[in-house]
Amino acid sequence: MNATAAVAAAVVPAAGRGERLGPGAPKALRDLGGVPLLVHAVRALARSRAVGLVVVAAPADGVAEVVGLLDSHGLDGKDVRVVAGGATRQESVRLGLAAIPAEVEVVLVHDAARPLVPVEVVDAVAAAVRAGAEAVVPAVPLADTVKRVEPNPGGPEPVLDTPDRATLRAVQTPQGFRRDTLAAVHARALTEETGGALPPVTDDAGLVERFGGRVVVVPGHEEAFKVTRPLDLVLAEAVLARRRASDGF
């Protein structure tokens, strides 16, 4: 892999509404410490020397707004581009990937709702792909015991078994991929979607797994949590306040 190809590009799908945070702006545009979650997420990627380009997949009717938002915040001189996203996360990733120059061989995919991922996690994921992995996810061990249940929304759910917690990990982003691997699984998923044969997956690594690829895990970080519910936003505010007090973040 030559030096140019080894510099990663990152896709940030940010076209979703995020209703679990309550009514108002799309989740990616909610404020955290006076700055939108999306800006924090893009900054987190831009801090990595491994990342040379960030592509944001914005709401189709909000591209100009997102361009203005990113232009109004300093982003360390990185190349940041905004494209129209799709109706689903998967479609937004596919559209973002199409905007990345063909010579880029390492692609990261990062949730806009993970605004506080440390730069060392970004670096570790990119480095693992450059070292030969086709798909890489950062993850942390689980603190809680997990039960597998028979779903019964609104009522008691029978427990089927208790997986060994030592073998389980909570997966985060950015996830990293060889560009050809990511493009291939998205193309295959699109074909199967058209035929109505594809059940949903919740991340891009899941597509790689579905189509027979190998995914490896590198250490994640407790501060790379996803801001999904109002309580997550409270926790993110506390983490951000601590960072600002200690290092001017």
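In the predicted model, Ala135 belongs to strand S7, which spans residues 135-141. With a relative accessibility of 0%, below the 20% limit for burial, Ala135 counts as buried. When neighbours within four places in sequence are left aside, the contacts of Ala135 are with Gly176, Phe177, Val208, Arg214, Val215 and Val216. Arg244, by contrast, lies 109 residues from Ala135 along the chain, and the C-alpha atoms of these two residues are separated by 33 Å.

Strand S7 also takes part in the second largest pocket, to whose lining S7 and S10 each supply at least two residues. This pocket holds about 270 Å³ of space and is lined by 14 residues, with Val140, Pro141, Leu142, Ala143 and Ala170 lying nearest its centre. By residue class, the lining of the second largest pocket comprises eight nonpolar, two polar and four charged residues.

Strand S10 (169-171) is followed by a loop that leads to strand S11 (175-178), and Pro174 is placed in this loop. The peptide bond that joins Thr173 to Pro174 is cis, its omega being near 10 degrees.

Turning to the interior, the largest nonpolar core is made up of 36 residues, within which Leu38, Val56, Val66, Leu70 and Leu108 have the most contacts. At least two residues of this core are supplied by each of strand S1 (8-13), helix H2 (37-46), strand S4 (51-58), helix H3 (63-71), strand S6 (106-109) and helix H5 (119-130). Helix H5 provides the largest share of this core, namely six residues. Apart from this core lies another, of 20 residues, which includes Val93, Val104, Val185 and Ala189. Such grouping may be set beside a general tendency: in soluble globular proteins, nonpolar side chains tend to be buried together.

The surroundings of Val56 illustrate the packing in the largest core, of which Val56 is one of the residues with the most contacts. Beyond residues up to four places away in sequence, Val56 touches Val12, Ala14, Leu38, Val42, Val66, Leu70, Val80, Arg81, Val82 and Val83.

Two of these partners, Leu38 and Val42, are also listed among the buried residues of helix H2, together with Leu37, Val39, His40, Ala41, Ala44, Leu45 and Ala46. Because nine of the 10 residues of helix H2 are buried, this helix is largely enclosed by the rest of the structure.

Technical notes
Residues numbered from 1 in each chain as written. Predicted model: local features only at pLDDT ≥ 70, side-chain atom pairs only at ≥ 80, totals over all residues. Heavy atoms only, no water. Helix = DSSP H or I, 4+ residues; strand = E, 2+ residues; numbered from the N terminus. Core = buried A, V, L, I, M, F, W, Y, C linked by side-chain atoms within 4.5 Å. Buried < 20%, exposed > 50% of the residue type's maximum accessible area, 1.4 Å probe, protein only. Contact = heavy atoms within 4.5 Å. 1 Å grid on protein atoms, 1.4 Å probe; cavity = no way out; pocket = protein on both sides within 12 Å on 5 of 7 lines; lining within 4 Å. Points joined across faces, edges and corners; volume = space filled by probe spheres on them. Nonpolar A, V, L, I, M, F, W, Y, C, P; charged D, E, K, R; others polar.
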